[in-house]
Amino acid sequence: FSRDGSIGLDWYHIRQHNVISGDSAQYVVDNPQLFADRIVRDAQGRLQLLKNQYTNQGQRTTQGVDLDSSYQWQLSSGQRLQWQGVWAYLIDFEQALISGQAPQQGAGNNLLGALPRLKSSQSVRWLTGDWQTSVTAQYTAGYQQKVATAASNPGLAARVASHVEWDAQISYQGFADWQLRLSLHNVLDRDPPFDPSAGSDYTDTSQYHLRGREVLFSASYQF
């Protein structure tokens, strides 16, 4: 919208046929009357083995909108302030849980794995002389809990909470051909949201990472 700013909007609608994927293990366990030959339990009823295999799940439909925008302000003494924002909104993610069944809506829940509808990244960068400083906020929306139950997880909420992670970085390029960079990830040392359906990590690592606060120093040389 000006020489110092930009904006972009993308819409996508993807339809895949003959998707090869495993059946939903949770669905198999929850319906033993349908899949008795695939579930093995011990004398106490504890799950010992679940037989699963890759099959043709039929069709997968994905639809969403991506928006990105940036702007730069020219400040005094040659300083610059830059902002960039990226948003991704998932409208649809439909796929069958079990081969031969009708597609299920996975957007905004964890029926097909954690698929929050909205993710965004907002960053502000300040540039002055040989110095650059930036702060970034990574946002992941919450989603409906459709796999784990309160019966096995007392007090479990109906939604997995949203999450924001803050990162910061400062870099210096005052030495010829060198760049020094100090990065701080997860500044507030926040844990990702609890989701017992995700396995032993108790959070879906396809959406979040398990690192706590992390400090990194790097030096790069250009020749």
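This report walks through the salt bridges, the biggest pocket, a surface patch and two unusual backbone angles in the structure above. Keep in mind that you're looking at a predicted model.

**Charged pairs**

Let's start with charges. Side chains of opposite charge can pair when their charged atoms come close. Searching the whole structure turns up four salt bridges. Three of them are set out here.

| Acidic partner | Basic partner | N to O distance |
|---|---|---|
| aspartate 23 | arginine 38 | 3.2 Å |
| glutamate 165 | arginine 211 | 3.3 Å |
| glutamate 214 | arginine 211 | 3.6 Å |

Take the bridge between aspartate 23 and arginine 38. The two partners are 15 residues apart, and the pair links distant parts of the chain. Aspartate 23 sits in the loop between β2 and α1, while arginine 38 belongs to the loop between α1 and β3 (39-41). Are these two buried or exposed? Aspartate 23 has a relative accessible area of 7%, so it's buried. Arginine 38 is buried as well, because its relative accessibility is 11%, and the cut-off for buried is under 20%.

Now look at glutamate 165 and arginine 211, whose side chains also meet in a salt bridge. This pair spans 46 residues, again linking distant parts of the chain: glutamate 165 is in strand β13, and arginine 211 is in the loop between β14 and β15. Glutamate 165 is buried, with a relative accessible area of 8%. Arginine 211, on the other hand, comes out at 30% relative accessibility, so it counts as partly exposed.

Arginine 211 has another partner too, since glutamate 214 forms a salt bridge with it. Glutamate 214 is partly exposed, with 28% relative accessible area. Which residues end up in one network through shared partners? They are Glu165, Arg211 and Glu214.

**The largest pocket**

Next, find the largest pocket, which has a volume of about 370 Å³. It's lined by 21 residues, and the closest to its centre are Ser24, Asn110, Leu111, Leu112 and Gly113. Which elements give two or more residues to this lining? The answer is β2 (20-22), α1 (25-30) and β7 (80-95). Sorted by class, the lining holds nine nonpolar, nine polar and three charged residues.

**A nonpolar patch outside**

Over on the surface, there's a nonpolar patch made of Trp131, Ile170, Leu182, Val215 and Phe217. Together, these residues have about 510 Å² of accessible area. One of them, isoleucine 170, is found in strand β13 (residues 163-172). Isoleucine 170 has a relative accessibility of 32%, so it counts as partly exposed.

**Two unusual backbone angles**

Finally, a look at the backbone. Most residues other than glycine have a negative phi. That makes a couple of residues here worth a look.

Serine 77 has a phi near 60 degrees, which is positive even though the residue isn't glycine. You'll find serine 77 in the loop between β6 (60-74) and β7.

Asparagine 186 also has a positive phi, near 55 degrees. Its place is the loop between β14 (178-185) and β15 (214-221).

So which of these two is buried and which is exposed? Serine 77 counts as exposed because its relative accessibility is 72%. Asparagine 186 is buried, because its relative accessibility is 2%.

Terms used. Residues numbered from 1 in each chain as written. Predicted model: local features only at pLDDT ≥ 70, side-chain atom pairs only at ≥ 80, totals over all residues. Heavy atoms only, no water. Patch = residues over 30% accessible without salt bridge, like charges linked within 9 Å, V, L, I, M, F, W, Y side chains within 5 Å. Areas by Shrake-Rupley, 256 points an atom, 1.4 Å probe, with all protein chains shown as cover. Helix = DSSP H or I, 4+ residues; strand = E, 2+ residues; numbered from the N terminus. Buried < 20%, exposed > 50% of the residue type's maximum accessible area, 1.4 Å probe, protein only. 1 Å grid on protein atoms, 1.4 Å probe; cavity = no way out; pocket = protein on both sides within 12 Å on 5 of 7 lines; lining within 4 Å. Points joined across faces, edges and corners; volume = space filled by probe spheres on them. Nonpolar A, V, L, I, M, F, W, Y, C, P; charged D, E, K, R; others polar.
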